[in-house]
Amino acid sequence: MKDYTDIIYSPVITEKSTLKMRDENVYTFKVAKSATKTQIKKAIERAFGVNVKSVNTLNTKPKKKRVGKYTVMTKTYKKAIVTLEAGSKIEL
């Protein structure tokens, strides 16, 4: 297995993800495009010392953004939505 730093890039901190962290014990991370659900699960458990209940993944789509008179596309990335077992918690 790769090192967990090669799989997990950063947490996704948005209003929706923060509410899910607080209320439902669900955390969202940006992960490597080639990472599988089992690799993500092992990396989260190893990095934070928690028990993972389930992992859901999705690939984000690029969106058009205006920069002055130019239109550019945002970058795509793979997002992992990780549900932890009851009693487990990650401090971000």
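Which residue in β2 does proline 11 stand opposite? Let me begin with that one pairing, because strands of a sheet pair through backbone hydrogen bonds, either parallel or antiparallel. In this model, which I should say at once is a predicted one, proline 11 stands opposite phenylalanine 29 in β2. Strand β1, covering residues 8–11, is joined to β2 by three bridges, and the two run antiparallel. Within that pairing, isoleucine 8 has valine 31 of β2 as its bridge partner.

Let me now follow β2 to its other neighbour. β2 also pairs with β6, again in the antiparallel sense, and here over six bridges. Valine 31 appears once more in this pairing, since its bridge partner in β6 is lysine 78. Putting the strands together, we have an open sheet of four strands in the order β1-β2-β6-β3, with antiparallel pairing. β1 and β3 stand at the edges of this sheet, and each has a single partner strand, so one side of each is left without a neighbour in the sheet. On average, and with direction ignored, neighbouring strands of this sheet are turned by 30 degrees against each other.

The helix to look at next is α3. α3 lies across β1, β2, β3 and β6, and runs at about 125 degrees to β3.

That brings me to the core. How many residues does the largest nonpolar core have? It has 18 residues, and those with the most contacts inside it are Phe29, Ile40, Ile44, Val82, Leu84 and Ile90. The elements that give two or more residues to this core are β2, α3 (37–48), β3 (52–59) and β6 (78–84). Phe29 of this core is the residue that proline 11 stands opposite in β2, and β2 itself is mostly covered, with five of its six residues buried. Leu84, also listed in the core, touches Asn25, Tyr27, Val50, Asn51, Val52, Lys53, Lys89 and Ile90 when residues up to four places away in sequence are not counted.

One of those contacts of leucine 84 is Asn25, and asparagine 25 deserves a closer look. Asparagine 25 is placed in the loop between α2 (15–24) and β2 (26–31). It has a positive phi of about 60 degrees, although it is not a glycine. Is asparagine 25 buried or exposed? Asparagine 25 counts as buried, because its relative accessibility is 17% and the cut-off for buried is under 20%.

A second loop residue can be set beside asparagine 25. Threonine 60 lies in the loop between β3 and β4 (64–67), and with a relative accessible area of 18% threonine 60 is buried. Leaving aside its neighbours within four places in sequence, threonine 60 is in contact with Lys75, Thr76, Tyr77 and Lys79.

Let me turn to the charged side chains. Side chains of opposite charge can pair when their charged atoms come close. The count here comes to two salt bridges. In one of them the side chains of glutamate 24 and lysine 20 meet, with 3.5 Å from N to O. Both glutamate 24 and lysine 20 lie in helix α2, four residues apart, which is about one turn of the helix. Glutamate 24 counts as partly exposed at 48% relative accessibility, and lysine 20 is likewise partly exposed, with a relative accessible area of 28%. In the other salt bridge, the side chains of arginine 22 and aspartate 23 meet, with 3.3 Å from N to O. Arginine 22 counts as exposed at 62% relative accessibility, and aspartate 23 counts as exposed at 54%.

I will finish with leucine 92, which takes us back to proline 11. Where does leucine 92 lie? Leucine 92 lies in the segment after β6, and it is exposed, with a relative accessible area of 52%. The C-alpha atoms of leucine 92 and proline 11 are separated by 8.1 Å, although the two residues are 81 apart along the chain. Not counting residues up to four places away in sequence, leucine 92 touches Pro11, Ile13, Met21 and Tyr27. Tyr27 is also among the residues that leucine 84 touches, and Pro11 is the residue with which I began, standing opposite phenylalanine 29 in β2.

Methods:
Residues numbered from 1 in each chain as written. Predicted model: local features only at pLDDT ≥ 70, side-chain atom pairs only at ≥ 80, totals over all residues. Heavy atoms only, no water. Buried < 20%, exposed > 50% of the residue type's maximum accessible area, 1.4 Å probe, protein only. Core = buried A, V, L, I, M, F, W, Y, C linked by side-chain atoms within 4.5 Å. Contact = heavy atoms within 4.5 Å. Salt bridge = Lys/Arg side-chain N within 4 Å of Asp/Glu carboxyl O. Pairing = 2+ DSSP bridges. Axes fitted to C-alpha atoms, helices over the stretch in contact; angles between N-to-C directions.
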